[in-house]
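Here are my notes on the model you sent, set out as numbered points for someone who has not looked at it before. Please read them with the structure open beside you.

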Amino acid sequence: MKLQAKYFGEIDYLEEDILTFPAGLFGFEEEHQFLLLPFEGSAGSLLCFQSVNTPALAFVAMDPFSLLPGYTPVLQPNELKELGVADSQELGFYVLCVVKKPVSGSTVNLKCPVAINPDTRVARQVILEADDYEMRHPLAQFGTEEGAPC
């Protein structure tokens, strides 16, 4: 299948590449299918959640462990059940990034990560109960260079 992606131009993808968000993303509850696309040269730490149904809709995301190796998101039992796992460690996690100019003013939302079951490709954005993380962590706090893509 083909899609005109916001940041990547025309791309080819397979049905099995699609992530399914039964509840959508916060503020975009009607969007249920996304592709997770890595930005070139980011070694998989800077990605994009690209809507399959709305080509102009895409969210910049980051691998939170590349920023904060000790990041420990813990989901609630009902969230784990919805994702079909017994433990948070069975999931993949990504955090949304708000890109600003200058890049040093950009932030990541460590409080509301996207959790993905890699086996079923079902995903959900969650709000972590712990007070360890904020919705707007400045990228500069993690030593991100000014020239970094996010």
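**Notes on the predicted model**

1. Strand E5 is a good place to begin, since both of its faces are covered: Leu 46, Cys 48 and Gln 50 are buried on one side, and Leu 47, Phe 49 and Ser 51 are buried on the other. Put as a count, six of the six residues of E5 are buried, and the strand is mostly covered. In a regular strand, side chains alternate between the two faces of the sheet.

2. Please bear in mind that this is a predicted model. The average pLDDT over the chain is 93, and 95% of the residues score at least 70. Residues 144-149 need a caution, as their pLDDT is below 50, although this stretch makes eight contacts in the model beyond its near neighbours in sequence. Where pLDDT is low, the predicted coordinates should not be read in detail.

3. On either side of E5 there is a pairing to look at. E4 and E5 run antiparallel and are joined over five bridges, and E5 and E6 are likewise antiparallel over five bridges. Gln 50 can be followed through both pairings, for it is the bridge partner of Leu 35 and, on the E6 side, has Ala 58 as its bridge partner. E5 and E6 also form a hairpin, with six residues between the two strands.

4. Ser 51 deserves a closer look, because a polar residue here has a relative accessible area of 0% and is buried. Ser 51 belongs to strand E5, which covers residues 46-51. What does its side chain reach? There is a polar contact of 2.6 Å between the side chains of Ser 51 and Glu 31, and the side chain of Ser 51 also comes to 2.9 Å from the backbone nitrogen of Thr 54. Apart from neighbours within four places in sequence, Ser 51 is in contact with Leu 3, Glu 31, Gln 33, Phe 34 and Leu 57.

5. The aromatic residues make up a further theme, with nine aromatic pairs found in a search of the whole structure. One of them joins Phe 34 and Phe 59, whose ring centres are 6.3 Å apart and whose planes meet at 50°, so the pair is classed as tilted. Because Phe 34 lies in strand E4 (residues 33-38) and Phe 59 in strand E6 (residues 58-62), this pair ties together parts that are 25 residues apart in sequence. Phe 34 and Phe 59 are both buried. Tyr 71 and Tyr 133 form an edge-to-face pair, at 4.7 Å centre to centre and with 65° between the planes. Tyr 71 is in the loop between helix H1 and helix H2 and Tyr 133 in the loop between strand E10 and strand E11, so that pair ties together parts 62 residues apart in sequence. Tyr 71 is buried at 3% relative accessibility, and Tyr 133 is buried at 9%. Ring pairs also link Phe 21, Phe 28, Phe 34, Phe 49, Phe 59 and Tyr 94 into a cluster.

6. How many residues does the largest nonpolar core have, and which of them make the most contacts inside it? This core has 24 residues, and those with the most contacts inside it are Met 62, Leu 75, Leu 91, Val 108, Leu 110 and Leu 139. E5, E6, H2 and strand E7 are the elements that give two or more residues to this core. A second, separate core has 14 residues, among them Leu 19, Phe 34, Phe 59 and Ala 123. In soluble globular proteins, nonpolar side chains tend to be buried together.

7. Leu 75, Phe 93 and Val 126 make a useful last stop. Leaving aside neighbours within four places in sequence, the contacts of Leu 75 include Phe 93 and Val 126, along with Leu 91 and Ala 115. Phe 93, in strand E7, is buried with a relative accessible area of 5%, and its contacts farther along the sequence include Pro 64, Phe 65 and Pro 113. Val 126 is in the loop between E10 and E11 and is buried, at 1% relative accessible area. The C-alpha atoms of Val 126 and Pro 113 are 5.9 Å apart, while the two residues are 13 residues apart in sequence. Beyond residues up to four places away, Val 126 touches Phe 26, Glu 79, Lys 111 and Cys 112, among others.

Definitions and conventions: Residues are numbered from 1 along each chain as its sequence is written. This is a predicted model: local features need pLDDT of at least 70, side-chain atom pairs count only at pLDDT 80 or more; totals for chains, interfaces and linings use all residues. Side-chain values use heavy atoms; hydrogens and water are left out. pLDDT is the predictor's confidence in each residue, from 0 to 100. Contact means heavy atoms within 4.5 Å. Helices (H or I, at least four residues) and strands (E, at least two) are DSSP runs, numbered from the N terminus. Buried means under 20% relative accessible area, exposed over 50%, partly exposed in between (1.4 Å probe, protein chains only). A polar contact is a pair of N or O atoms within 3.5 Å; within protein, one must be able to donate a hydrogen and the other to accept it, and residues adjacent in sequence count only if both atoms are side-chain atoms. Rings of Phe, Tyr and Trp (its six-membered ring) pair if their centres lie within 6.5 Å; planes under 30 degrees apart count as stacked, over 60 as edge-to-face and the rest as tilted. A nonpolar core is a set of buried Ala, Val, Leu, Ile, Met, Phe, Trp, Tyr and Cys residues joined through side-chain atoms within 4.5 Å. Two strands pair if DSSP finds at least two bridges between them.
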